[in-house]
Amino acid sequence: MLWDAFLERVADAHDLFEEDDRQAFLARFNERNLPRSDIQVAQDLNISEVTLQRRLGKGVYTHLVRSCPQLNTDKKGKFKIVRDWLKKGHVLCQGNGTTGMNKTAVNPPSPIANYPYVERPPIESFCYQSLFAPGALLRIKAPRQMGKTELMARVLNLAKQQGYHPVYLNLCQPEESVVKNLDQFLRWLCMSVSRQLQKPLQIQEYWDVDLSSNDNCSAYFQDYLLEQIDSPLVLGLDTVDRLFPHLAIAQDFFGMLRAWHEDSKILDNWQKLRLIVSHSTEAYIPLDINHSPFNVGLTVSLPEFTAEQVTELAQKHGQVLNQADVSLLMNKVGGHPGLIKQALFELKTLQNTTLTQLLNEAATDSGIYGNYLRKIWLELQENSALIPALKKVVDTSNGVELASKLAYQLESLGLVHLTGNRVTIRCELYRNYFGSRLANLGEAS
């Protein structure tokens with residue numbers, strides 16, 4: 001299993017739901033950041049060293065301690081404890097190809113031994129089958145916390161079992177200055193893939209100042225990386241919507257991916273490349289239909305969990321929910337995997353609290369989803385056009401029509417369902433919380 005995908009699974013297995021805590025964990029233990037100092041990583045995240053250490057200490061290490069008991073100490077050095085624990089876990093996961101470590105007295109508990117993945121047939125089988133087509137392009141689309149990364153990790157793991165070369169890249173990793181510059185971004189792409197393939201860096205040899213950045217990147221892949229391997233390269237690009245706000249870079253980069261896909265129909269080396277891209281929303285950026293990777297290949301939209309899948313997920317979290325509990329939970333949050341996982345985690349942690357008690361306070365700032373909801377509210381306020389759009393949705397139970405871009409942006413936040421041209425609120429949690437905020441906003445104005 002690839003290191004970055006392994007970290008994502010550790011985060012999910014240990015219920016790192018808070019975005020700031022999750023980002024701190026993924027950034028601090030990113031492979032390239034392991035030898036770096038806290039202050040260097042904090043600078044990349046545009047936060048202070050103290051803020052990073054607080055998020056790790058209060059948010060991350062408290063979740064990991066149940067599987068890494070060495071963290072239960074007042075002494076310094078917790079970063080090293082977690083780093084070494086993760087490295088051992090990753091090595092042993094590589095050894096058996098799935099969820100990892102055999103539980104003997106000499107081995108610590110596996111970071112992902114109880115990884116709670118629930119399949120949504122036939123999606124997984126469709127994705128697995130797509131790997132075998134030369135030049136395949138698989139697109140995974142769903143709002144946040146719906147399981148895109150987990151599905152991609154499973155597909156990449158299968159690719160490894162087939163003898164392919166899996167590479168996972170999360171486009172949230174590079175600094176903003178890199179994402180804003182096409183040449184730097186494509187160099188980052190080439191270097192990252194080279195490292196995961198354990199190939200020597202040959203950037204300077206293939207980067208011609210007289211050619212475009214796209215041409216240089218394509219030549220690096222075609223003439224060097226793909227030429228060096230006998231079995232297919234499966235390149236997983238997670239959260240590609242990170243590029244959507246940067247229009248010029250997005251148009252060039254996605255146009256290049258489409259060109260690679262088309263070249264695979266006639267050129268042998270490009271047939272070795274299998275692409276997987278994931279994103280939270282539709283590509284509402286203007287792309288020529290003939291230069292877009294979003295209208296070719298296999299598209300998978302992840303649905304919400306069914307009642308049976310919620311029951312299965314609860315069992316994998318060590319919880320037993322009867323039919324009434326499942327109905328109560330789904331009436332509040334729908335079948336949203338991330339929200340359901342958080343409720344299950346809180347039930348396990350707060351053992352004297354009932355599900356009814358949790359859900360009664362769920363739509364408040366002091367409830368179990370308080371931090372998550374406040375963060376979305378801040379994002380809404382940063383895009384003033386979304387406020388009246390969401391109010392229209394909240395105020396009706398039958399759905400409304402919105403401008404496409406507004407509908408897609410609300411969908412990317414996970415707030416709405418799109419059915420044809422109709423936009424409806426995703427769940428009662430959002431109607432209750434944001435309805436209250438929107439009403440207060442109207443009274444204030």
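**Exercise 1. Decide how strand E1 is placed in the structure: is strand E1 enclosed or open?**

Step 1. Five of the five residues of strand E1 (residues 137-141) are buried, so the strand is largely enclosed by the rest of the structure. Here buried means under 20% relative accessible area, exposed means over 50%, and partly exposed covers the range in between, with a 1.4 Å probe and protein chains only. Strands (E, at least two residues) and helices (H or I, at least four) are DSSP runs, numbered from the N terminus.

Step 2. Before going on, note that this is a predicted model, in which local features need pLDDT of at least 70 and side-chain atom pairs count only at pLDDT 80 or more, while totals for chains, interfaces and linings use all residues. Residues are numbered from 1 along each chain as its sequence is written, and side-chain values use heavy atoms, with hydrogens and water left out.

Step 3. Turn to the directions of the side chains: Leu 137, Arg 139 and Lys 141 point one way from E1, Leu 138 and Ile 140 point the other way, and all are buried.

**Exercise 2. Find the strands that pair with E1, and then place E1 in its sheet.**

Step 1. Two strands pair if DSSP finds at least two bridges between them. E1 is joined to strand E4 (residues 273-279) by five bridges, and the two run parallel; within this pairing, His 279 of E4 is the bridge partner of Lys 141.

Step 2. E1 also pairs with strand E5 (residues 298-301), again in the parallel sense, over four bridges, and in E5 it is Val 300 that stands opposite Ile 140.

Step 3. The partners of E4 include strand E3 (residues 233-238), which pairs with E4 in the parallel sense over five bridges, with Arg 274 in E4 as the bridge partner of Val 234.

Step 4. Put together, five strands form an open sheet with parallel pairing, in the order E2-E3-E4-E1-E5. Strand E2 (165-170) and E5 stand at the edges, each with a single partner strand, so one side of each is left without a neighbour in the sheet. From one strand to the next the twist averages 15°.

Step 5. Add the helix that lies across the sheet strands: helix H12 (residues 247-263) lies across E1, E3 and E4, and runs at about 145° to E4. Such angles run from 0 to 180 degrees between N-to-C directions, the axes being lines fitted to C-alpha atoms, for helices over the stretch in contact, where contact means heavy atoms within 4.5 Å.

**Exercise 3. Examine three salt bridges, and state for each which parts of the chain the pair links.**

Step 1. A salt bridge is a side-chain nitrogen of Lys or Arg within 4 Å of a carboxyl oxygen of Asp or Glu, and the structure holds 23 of them.

Step 2. Lys 375 forms one with Asp 20, where the closest N and O atoms are 3.4 Å apart. Lys 375 lies in helix H18 (residues 370-382) and Asp 20 in helix H2 (residues 19-28), so this pair ties together parts that are 355 residues apart in sequence. Lys 375 is partly exposed at 25% relative accessibility, and Asp 20 is partly exposed at 28%.

Step 3. Glu 119 and Arg 154 meet in a salt bridge at 3.4 Å, N to O. Glu 119 lies in the loop between helix H5 (78-96) and helix H6 (123-130), and Arg 154 in helix H7 (residues 148-161), so the pair ties together parts that are 35 residues apart in sequence.

Step 4. Glu 150 and Lys 341 meet in a salt bridge at 3.5 Å, N to O. This pair links distant parts of the chain, with Glu 150 in helix H7 and Lys 341 in helix H16 (residues 337-349), 191 residues apart. Glu 150 is buried at 9% relative accessibility, and Lys 341 is buried at 9% as well.

**Exercise 4. Determine how many disulfides the structure has.**

Step 1. A disulfide is a covalent bond between the sulfur atoms of two cysteines. The rule used here asks for a pair of cysteine sulfur atoms within 2.5 Å.

Step 2. By this rule the count is zero disulfides. Among the cysteines, Cys 68 is buried at 0% relative accessibility, and Cys 427 is buried at 6%.
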